[in-house]
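Here are my notes on the model you sent round. I have kept them as numbered points so you can check each one against the structure.

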Amino acid sequence: QVHLVESGGGLVQAGGSLRLSCGASGSIHSVSTMGWYRQAPGKQRELVATITSSGSTNLADSVKGRFTISRDNAKNTAYLQMNSLKPEDTAVYYCKFTTLSLTWKPLDYWGQGTQVTVSS
């Protein structure tokens with residue numbers, strides 16, 4: 001019923017920039033937190049950045065000063081602006097939306113992922 005779709009990934013030279021987008025299709029309401037995660041081969045999925053409904057953001061230390069997370073609630077879309085990309089940023093990037101059910105139980109929605117490859 002609800003699925004998230006990431007876009008904007010691709011191949012970029014070190015020092016370059018990419019802007020990822022994550023849009024929700026279907027009915028989704030009251031997204032409390034939008035987040036971006038990434039997973040490199042052989043590694044665990046790690047948190048990159050989150051943004052709450054009030055606009056509070058948290059970013060991993062490895063991307064602070066380079067990445068920016070934002071959201072457009074009207075469009076049910078999350079963005080990740082990635083600047084000064086490094087080869088170590090290479091990973092599959094996933095978005096996640098968290099909502100609360102009528103019983104106040106958190107419900108997570110995940111995108112399918114988009115590949116970001118940074119060449120040296």
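**Notes on the model**

R38 comes out as buried, with a relative accessibility of 6%. Bear in mind that this is a predicted model, and that the points below start from this arginine.

1. What does R38 pair with across the chain? R38 forms a salt bridge with D89, and the closest N and O atoms are 2.9 Å apart. The two come from distant parts of the chain, 51 residues apart: R38 belongs to strand β4, while D89 lies in the loop between β8 and β9. D89 has a relative accessible area of 1%, so this aspartate is buried as well.

2. R38 has another acidic partner in E46, with a salt bridge of 2.8 Å from N to O. E46 is a bit more open to view: its relative accessible area is 31%, so it counts as partly exposed. Taken together, R38, E46, R66 and D89 are linked in a network of salt bridges. I'd look at these four side chains as a group.

3. The count of salt bridges comes to 5. One to look at outside that network is K64 with D61, where the closest N and O atoms are 3.1 Å apart. Here the acidic residue is exposed, because D61 has a relative accessible area of 65% and the cut-off for exposed is over 50%.

4. On to the sheet. Four strands make an open sheet in the order β1-β3-β8-β7, with antiparallel pairing. Why do β1 and β7 each have one side without a neighbour in the sheet? Both β1 (3-7) and β7 (67-72) stand at the edges with a single partner strand, so one side of each stays unpaired there. From one strand to the next, the twist averages 15 degrees.

5. If you want to check the register at the β7 edge, β7 and β8 (residues 77-82) run antiparallel and are joined by 6 bridges. A handy reference point is D72, which stands opposite T77 in β8.

6. Which residues touch the most other members of the largest nonpolar core? They are W36, V48, F67, L80, M82, Y93 and F97, out of 28 residues in that core. The elements giving two or more residues to it are β3 (18-25), β4 (31-39), β5 (46-52), β7, β8, β9 (91-100) and β11 (114-119).

7. V48 is a good residue to centre the view on. Leaving aside residues up to four places away in sequence, V48 touches W36, Y37, R38, N58, L59, A60, V63, F67, L80 and Y93. That list includes R38, the arginine that also bridges to E46 and D89.

8. Two backbone spots deserve a look. S84 has a positive phi of about 50 degrees although it is not a glycine. S84 sits in the loop between β8 and β9, and its 41% relative accessibility makes it partly exposed.

9. The other spot is W104, also a non-glycine residue with a positive phi, in this case near 70 degrees. W104 is found in the loop between β9 and β10 (106-110). Is this tryptophan buried or exposed? W104 is exposed, with a relative accessible area of 67%.

Notes
Residues are numbered from 1 along each chain as its sequence is written. This is a predicted model: local features need pLDDT of at least 70, side-chain atom pairs count only at pLDDT 80 or more; totals for chains, interfaces and linings use all residues. Side-chain values use heavy atoms; hydrogens and water are left out. Two strands pair if DSSP finds at least two bridges between them. Axes are lines fitted to C-alpha atoms, for helices over the stretch in contact, and angles run from 0 to 180 degrees between N-to-C directions. A nonpolar core is a set of buried Ala, Val, Leu, Ile, Met, Phe, Trp, Tyr and Cys residues joined through side-chain atoms within 4.5 Å. Buried means under 20% relative accessible area, exposed over 50%, partly exposed in between (1.4 Å probe, protein chains only). Contact means heavy atoms within 4.5 Å. A salt bridge is a side-chain nitrogen of Lys or Arg within 4 Å of a carboxyl oxygen of Asp or Glu.
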